[in-house]
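Student: I am new to this protein and would like a close look at a single part of it. Could you start with one sheet and then show me what else is worth finding?

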Amino acid sequence: MNPLKNVVETDNIKLSEDGRAVVIIDQSKLPNLTEYLTLTTAEELYEAIQQLRVRGAPAIGIFAGYGIYCLAQTIKTQSYDEFAKKFHEYKEYLNSSRPTAVNLSWALNRMEQVVTDHKESSVSEIVALLGKECRAIHEEDIAMCRAISEYGLSLLKDGDGVLTHCNAGPLATSRYGTALGPLFLGKEQGMEFHVFADETRPLLQGARLTSYELQRAGIDVTLICDNMASIVMKNGWVQACLVGCDRIAANGDTANKIGTSGVAILAKHYGIPFYVLGPSSTIDMSCPTGAQIEIELRDPDEIKKKFYEKPMALDEVKCYNPAFDVTDHTLITGIVTEKGILYPPFCDSLSELFR
């Protein structure tokens, strides 16, 4: 068996055989346990997003498309108005599960557009169209990831050291990934890289998922704590930083997993290019700057207790646990999308992308 192919083509999100449930790999159990979940209810779908059983901006979008389609099949009415009302309620409920990643609302809005565009169709016809749309979202993401990987690979040389933060591989997307995609594609073509994977506090997605995917694929990876990024850069071991994104504002400010902005600041200091990789669906032109991006705050116990046998801090100690931070556009060398590589000034290049 080809270990690289097995990693790149992981079926992390799919519809069940009867098309009425979403089947996912529970990412919260990796790397020690590979467990598949079959989800059918709105509550199960919401909980899977909120508890990061499914995570990664593109993966959340794919999951949301499949999820709302499955819920649409449970709406028992032939009245368009009743169907549309209930569909909207499900959409708003799922959309409230996580606020920062734009792909969630993007996919749900796209699915709802199918409903609003076909008011003259029967409910059964609308449901069938929703089934086609959610599958299209998935297929488009596969194509986008491949294109992003190709553009990203053009920025690297054989033998480069690469630092990445959080997880933006196949588990977070569909195939290849975004920030990790160029590494997998380069490996396919016989190139070698040495990757430094930040463990990525507080949920350790770099340790649990990124190092897992790279190791399984036979890519040279070294896991480091987040506060070690500076020393590996100073030592000259890093030639590029590749990170994913959950939302890109119209000026190029980018929200990604907490700690990303710190990596960008260090890269700027050491003269290392810092690239953000993500599909155009993560670009939110209605959001002027990063200041308007809502930052999700998570349970303090994720810092104090989650990965420890015993609590590492007293119960009465306060914690601040944001899931994301915003990297200022002035720190970003380029934004890699499926449509090409965008360079500063990002206000112009992002506008041009959608023109």
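What is the order of the strands in the open sheet of 4 strands, and what kind of pairing does this sheet have?

Tutor: Happy to help! This is a predicted model, in which local features need pLDDT of at least 70, side-chain atom pairs count only at pLDDT 80 or more, totals for chains, interfaces and linings use all residues, and side-chain values use heavy atoms, leaving out hydrogens and water. Residues are numbered from 1 along each chain as its sequence is written.

Now to your sheet. Its order is β11-β8-β9-β12, and the pairing is mixed. (Strands are DSSP runs of E with at least two residues, helices are runs of H or I with at least four, and both are numbered from the N terminus; two strands pair if DSSP finds at least two bridges between them.) At the edges you will find β11, residues 283–284, and β12, residues 324–327, each of which pairs on one side only.

Let us zoom in on the β11 edge. Strand β8 covers residues 247–249 and runs parallel to β11, with 2 bridges joining them. A good place to rest your eye is isoleucine 248, because you can find isoleucine 283 of β11 standing opposite isoleucine 248.

From the sheet, move along the chain to helix α10, residues 260–270, where leucine 266 lies. Leucine 266 counts as partly exposed because its relative accessibility is 25%. (Buried means under 20% relative accessible area, exposed over 50%, and partly exposed in between, with a 1.4 Å probe and protein chains only.) Setting aside neighbours within four places in sequence, leucine 266 is in contact with Ala229, Ser230 and Met233, where contact means heavy atoms within 4.5 Å. Another residue to look for is leucine 331: its C-alpha atom is 9.5 Å from that of leucine 266, although 65 residues separate the two along the chain.

It helps to set these views against the whole chain. The secondary structure comes to 12 helices and 14 strands, and the C-alpha trace spans about 65 × 50 × 45 Å along its principal axes. Of the 355 residues, 57% count as buried. Among contacts between residues at least 6 apart in sequence, 75% join residues at least 24 apart.

The loops have some backbone details to look up as well. Two prolines follow cis peptide bonds. The bond from arginine 201 to proline 202 is cis, with omega near 0°, and proline 202 is placed in the loop between β5 and α8, residues 205–216. The bond from proline 344 to proline 345 is cis too, with omega near -5°; proline 345 lies in the loop between β14 (340–342) and α12 (346–353).

Leucine 52 and tyrosine 176 offer another kind of detail. Leucine 52 has a positive phi, near 60°, in a residue other than glycine. Its place is the loop between α2 (42–50) and α3 (57–72). With a relative accessible area of 6%, leucine 52 is buried. For tyrosine 176, phi is near 65°, again a positive value in a residue other than glycine. Look for tyrosine 176 in the loop between β4 (161–165) and α7 (181–188); at 10% relative accessibility, tyrosine 176 counts as buried.
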